[in-house]
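Hi,

Here is the structure I said I would pass on. Have a look at it first, and my notes follow underneath.

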Amino acid sequence: MRQRKLVSLATSIAVALGLCAMATPAQASETGSSPLTLSRDADVVARFGFGSDIHIGRSSGVYGTALEKFNHALQTYASLNVDAVGFSGDLTNNGKSSEYAELMNAISTNLPSSDKVILSMGNHETYDPGMAQASARFKSATGQDMNKLTSVNGIDVITLGPQNSDSDYRADYDFLHTALDSISSRQGYDPAQPIIVLTHHAVQNTAYVSNEWHGNYGEGSGQDLVALMQQYPQIIQVSGHSHATLEDARSIDQTLGYTSIQDGTIGAYFENESGKVDPSSGDGATRPADSELSSQGIIVDIHRDGTTEVHRLNFATGTWIYPQEPWIFSAAEARNDKYGKNRSSSPAVFAHDATVGFDTSATSTTKAVVTFPSAQAADDTNNNMVHSYAITLTPASGGEAVKKSVFSDYYLRGQGHVRHHSHQERPVVRHHQGTAVRHHLYREGRSAHILPGAERPARRFDWQRRIDGHDDRGAGSGSQTDSRRQLRARECRRPLSACLRQTRHRFRNR
């Protein structure tokens, strides 16, 4: 199958892209289509279902409302016999009382009364009530304090919420310090036993995309929550906010000496790092194509000896994400950076007879359609996932090269309609700026096929971070250093063996 890219020829170095099916079955990260099952070892003392960014009150269009996605996630957690569920903020889209009512009704309807529910507050909970009243409305609506210490079968769970501004956790320092002192001063305290910390925002430069989307944890100040947590390597901080795809292996990070996990989004849309372009418009974009089909979360098993086992799951398809590679670690391994920035991987390759060229029928003075086949991952392990492609167009007569990068479709493979779970193809027609775009969504590891819209003038990058009238997430910036396969398209249909420059999948502190 060939990838089809529309690349602008304009001097503004903007780009328009049309994306075709990219994945091959050997690279699929999700397998199986039967209902999710997960055995439970006898020494598992607590099983948690964690998720984030539910956004009750918004809709993903043809992929269902946030409430529908959340109902399905809760039913899935219940079927996996969790002892508790925890949700890391942005429970609602605007923090309205009516949205909270829908949230709590869904929880009471879909979960057994014996299951414990642990909620933390995000920035979206501040929108309607305002920052000053957000925690009071949160408590009134959920019956829970924003900051609290609770336990599930002997496993401690702490929740923290933003104060003063919607991404600022510095005012939580004293509460966290007291909670950790309370835990560590108990008779029989075991430093090998995990302590779960649920927050909406991640600490900067930890799990995937936290270089751009993160909270203020007072690093280097008198209210340094990071330094405090580093004293407890058994801490597992589970956060959301990023909406990032859980397929990325960097969704877990231990470079600070404790564990940081980003748990994706249940009810909103995928959004990853900046530095990519949208495949239909060519504008700079953090949201990959067809991002509304997202709905993901994690299962966390805590063993008697403190060993933690994390399984990623896709609610939309009822499949596990890299089921052969659960994240397994102890507090000692977290201290020693088991899942850090540097992890080994092998480069992807193209077939020896693969070619690169242009679709001349769709090429004009403002854009060109670059075609090339999907790269083949070295194997089906997570570290070797093909994350994105970098495309370089060099003018034959000399001049400045045009360089653009686009996500591969790793997050699409196996994805189906969130409200339907048959194996049939479900075509959906959408409209973008008056131009029909047909999406064929497939199950069983096949890819989405997206036909390009009508020609539009190329535009410079201007990626949007405001959704529904609000700046959805905290400010941040960072450079893109993700795995990418460099493709140099100097001549039409030149053999890829002469055009491909491979780079290793690098994990580094960005």
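**What I found**

I321 is buried, at a relative accessible area of 1%. Bear in mind throughout that this is a predicted model. I321 belongs to strand β16, which covers residues 319-321. Its C-alpha atom is 7.6 Å from that of H311, and the two residues are ten apart along the chain.

G284 makes a nice companion to that one. G284 sits in strand β13 (residues 284-285) and counts as buried, with 6% relative accessibility. Here the C-alpha partner is S274, ten residues away in sequence and 7.5 Å away in space.

Now the overall picture. The protein chain has 510 residues, and 60% of them are buried. DSSP runs give six helices and 29 strands. Of the contacts with a sequence separation of 6 or more, 72% are between residues 24 or more positions apart.

**The six-strand sheet**

The part I spent time on is an open sheet of six strands with mixed pairing, in the order β6-β7-β8-β9-β11-β10. Its edges are β6 (148-152) and β10, each of which pairs on one side only. Helix α4 (residues 173-184) packs on this sheet and touches β6, β7, β8 and β9. The direction of α4 makes about 170° with that of β7.

Going through the sheet strand by strand, β7 (residues 155-159) pairs with β8 in the parallel sense, over four bridges. T159 has L198 as its bridge partner in β8. On the next step, four bridges join β8 (residues 195-198) to β9, again in a parallel arrangement. L198 turns up here too, with V238 as its bridge partner in β9. From β9, four bridges lead on to β11 (residues 259-262), and these two strands run parallel. In that pair, Q237 stands opposite S260 of β11.

So how enclosed is strand β9? Five of its five residues (235-239) are buried, so β9 is largely enclosed by the rest of the structure. Buried here means under 20% relative accessible area. Both faces of the strand are covered: I235, Q237 and S239 are buried on one side, and I236 and V238 are buried on the other.

**Helices α1 and α2**

The other packing detail worth opening in your viewer is the pair formed by α1 (residues 66-79) and α2 (residues 97-110). Their axes come within 9 Å and cross at roughly 30°. That angle makes α1 roughly parallel to α2, since anything under 35 degrees counts as such. The crossing is right-handed. On the α1 side, the contact is made by L67, F70, N71, L74, Q75 and A78, while α2 brings in E102, L103, A106, I107 and N110. Sorted by type, the residues of this contact are seven nonpolar, three polar and one charged.

**Loop residues to look at**

Two residues have positive phi without being glycine, and they make a neat contrast. N81 has a phi of about 60° and lies in the loop between α1 and β4 (84-88). H243 has a phi near 65°, and its place is in the loop between β9 and β10 (252-253). Which of them is buried and which is exposed? N81 is exposed, with a relative accessible area of 55%, whereas H243 is buried, with 1%.

The last one is S294, in the loop between β13 and β14 (296-303). Although S294 is a loop residue, it counts as buried, at 0% relative accessibility. What does S294 touch, leaving aside its neighbours within four places in sequence? Its contacts are K69, T265, I266, A268, Y269 and F270. K69 falls within the range of α1 (residues 66-79), so if you already have that helix on screen, S294 can be added to the same view.

If you want one place to start, I would begin with β9: it is buried along its five residues, and four bridges join it to β8 and four to β11.

Cheers

Key. Residues numbered from 1 in each chain as written. Predicted model: local features only at pLDDT ≥ 70, side-chain atom pairs only at ≥ 80, totals over all residues. Heavy atoms only, no water. Buried < 20%, exposed > 50% of the residue type's maximum accessible area, 1.4 Å probe, protein only. Pairing = 2+ DSSP bridges. Axes fitted to C-alpha atoms, helices over the stretch in contact; angles between N-to-C directions. Parallel < 35°, antiparallel > 145°, perpendicular 65-115°, else oblique. Left-handed = near helix turned anticlockwise from the far one by under 90°. Contact = heavy atoms within 4.5 Å. Nonpolar A, V, L, I, M, F, W, Y, C, P; charged D, E, K, R; others polar.
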